[in-house]
Amino acid sequence: MSTTDRTSTEASNPSEDSAEAAAGAQLSTAPAEDSGGPVGIGVIGWVRWFWRQLTSMRVALILLFLLSLGSIPGSLVPQNQVDAMKVAQWKKDHSFWVPAAEKLQLFDVYSSVWFSAIYLLLFISLIGCIVPRTWQFVGQLTGRPPGAPRRLDRLPAYATWRTQTAPEEVLAQAKTILGGRRFRTEAGTSAVAAEKGYLREAGNLLFHVALIVMLIAFAWGQLFKSEGGKLVLRGKGFANTLTQYDDFKYGSWFDPDDLSPFSFTLDKFDATYEESGPQKGTARDFKAYVTFSDGAHGAPQKREIQVNKPMEVDGSKVYLLGHGYAPVISVTDPTGKVIYKDAVPMLPFDANLSSSGAVKVPDGYHDKDGKKEQLGFNAMFVPTFAGAGKGTMLSQFPDLKFPVLALSAYHGSLGVDSGLPQNVYQLNTSKMQEFKDPDGQLFKKRLLPGETMELPNGAGTVKFEGIERWATFSITRQPGSGLALGGAIAAIGGLAASLFIQRRRVWVRAVAGEDGVTVVEMAGLGRSESAKLPEELGQLAAALHQQAPTAPDQPVKATVEGERG
């Protein structure tokens with residue numbers, strides 16, 4: 001029969017077309033796209049149409065894209081819940097855009113009305129897409145493979161031969177072979193139907209469910225998260241209460257009572273560096289030794305915290321972020337009375353821990369005339385000084401090889417009584433006067449540990465007493481992180497299953513011909529991406545052919561997609 005004749009015959013047999021369509025139905029749980037207008041009349045029709053559009057995969061992808069776009073302003077514009085001071089500075093620097101930014105809620109993106117609307121619509125869209133697909137999939141799992149179409153030779157992969165083996169034996173052998181290859185089989189009077197690849201749709205559903213889980217985890221984490229930083233001097237401690245943090249960020253539904261009750265003291269901090277070679281000065285190991293107490297009356301425990309190895313406490317994690325040095329400085333007034341003595345943390349600004357900071361003496365100082373004043377010193381500390389005349393005041397190595405402290409002195413008002421927040425590591429000299437040296441320049445001096453700087457005109461002394469270490473810790477609580485990780489792993493697994501597992505059906509028909517010889521037909525049907533279906537059908541046909549070999553002088557005919565005619 002020629003190709004033209006076959007097409008003409010097929011066109012004249014609509015019942016066969018419907019049988020073939022039934023055999024290929026339900027190879028996927030993807031819902032049919034509704035491209036028409038509203039179904040029904042009035043409000044109900046519009047609601048049904050809107051629901052079908054919302055729960056379509058096309059709209060879900062659009063909403064996911066909009067959610068990604070909506071996250072961009074949250075990264076570019078400072079957020080109130082992250083850093084209110086940065087928000088205030090942004091408003092000061094971009095006053096023209098402030099009215100529009102406030103109307104668009106750009107300072108609170110993740111709790112804004114428009115971001116929440118996109119988020120909720122995506123959530124509803126995914127659920128509305130998953131529920132009907134799940135019921136369809138359950139129906140497929142409880143159902144049986146559909147019967148064989150009348151014309152198997154019309155299917156993409158096809159093989160036939162004639163054998164002297166009885167039809168019953170052929171079908172029994174076919175069912176055994178297909179069952180051994182994990183096909184679900186259903187035997188009829190003249191044909192065996194088999195189906196395989198149900199995990200493809202299971203993976204598809206798992207992927208969509210995992211997306212919902214990740215959305216829930218993201219919302220949970222954003223609403224209840226908390227993250228704060230704390231600089232702790234060696235020998236000093238930290239208690240996990242809101243007032244103890246240097247900076248703190250939190251979610252919209254965060255409650256201070258959610259903070260885990262624990263405390264710790266920094267007993268020692270060790271840092272080692274490469275001493276020579278091209279990697280000289282590179283950090284080899286950082287380790288903080290702490291005494292930890294769980295709860296208000298917990299027994300003290302010795303713990304170690306390393307970079308990327310946090311200490312976990314009741315859902316919170318304590319990370320070691322950085323470290324530096326804190327020169328111990330004492331200040332005396334003109335009478336020789338010590339009015340200030342403390343370790344002053346310096347912030348590093350290069351890899352060799354060259355550091356800068358400020359020493360502020362807000363109380364207790366009176367000049368030689370009895371006038372109450374405040375003292376301030378700009379400070380720079382280097383753990384390894386190159387030496388006078390050997391370059392700038394920058395450290396040559398991050399460890400304490402040749403520590404030097406440089407101070408410049410001021411007196412007047414520090415501005416700490418104004419009620420405005422100040423950076424503790426910077427000195428505001430707008431209301432202060434410089435101490436002058438004999439040449440009329442700003443009075444400054446380099447000090448070695450143990451050395452003293454005498455302020456001009458008998459204004460007092462400053463002594464470099466010694467050096468302490470400090471370490472910075474980040475205490476985070478992200479309640480949805482484990483759920484998000486599980487959702488991500490499930491999404492990857494589901495996506496892999498939906499991409500690599502092929503859903504396909506195979507039919508084997510064996511009937512006795514007019515001459516008494518059994519005619520065996522095998523055909524396979526899969527989705528368009530089932531490229532290996534002809535190869536698999538060939539393997540199945542070869543296995544069955546061994547059990548039911550071709551009758552003498554009867555060739556095997558195989559037809560695959562693209563080879564008909």
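The following exchange covers two exposed residues and one sheet in a predicted model.

Guide: The model is predicted, so local features need pLDDT of at least 70 and side-chain atom pairs count only at pLDDT 80 or more, while totals for chains, interfaces and linings use all residues. Residues are numbered from 1 along each chain as its sequence is written, and side-chain values use heavy atoms, with hydrogens and water left out.

Visitor: Why is R182 called exposed?

Guide: Exposed means over 50% relative accessible area, buried under 20%, and partly exposed in between (1.4 Å probe, protein chains only). R182 has 67% relative accessibility, so it counts as exposed. R182 lies in the loop between α8 (167-180) and β2 (184-187); helices (H or I, at least four residues) and strands (E, at least two) are DSSP runs, numbered from the N terminus. R182 is not a glycine, yet has a positive phi of about 65 degrees.

Visitor: Is N457 buried or exposed, and how do you know?

Guide: The relative accessible area of N457 is 66%, so N457 is exposed. N457 sits in the loop between β19 (452-454) and β20 (461-477). N457 also has a positive phi, about 60 degrees, without being a glycine.

Visitor: What makes β5 and β7 a pair?

Guide: Two strands pair if DSSP finds at least two bridges between them. β5 and β7 (residues 262-273) have 3 bridges in the antiparallel sense, so they meet that definition. F238 has F264 in β7 as its bridge partner.

Visitor: Why do β5 and β9 stand at the edges?

Guide: The open sheet has 4 strands in the order β5-β7-β8-β9, with antiparallel pairing. β5 (237-239) and β9 (301-306) each have a single partner strand, so one side of each lacks a neighbour in the sheet.
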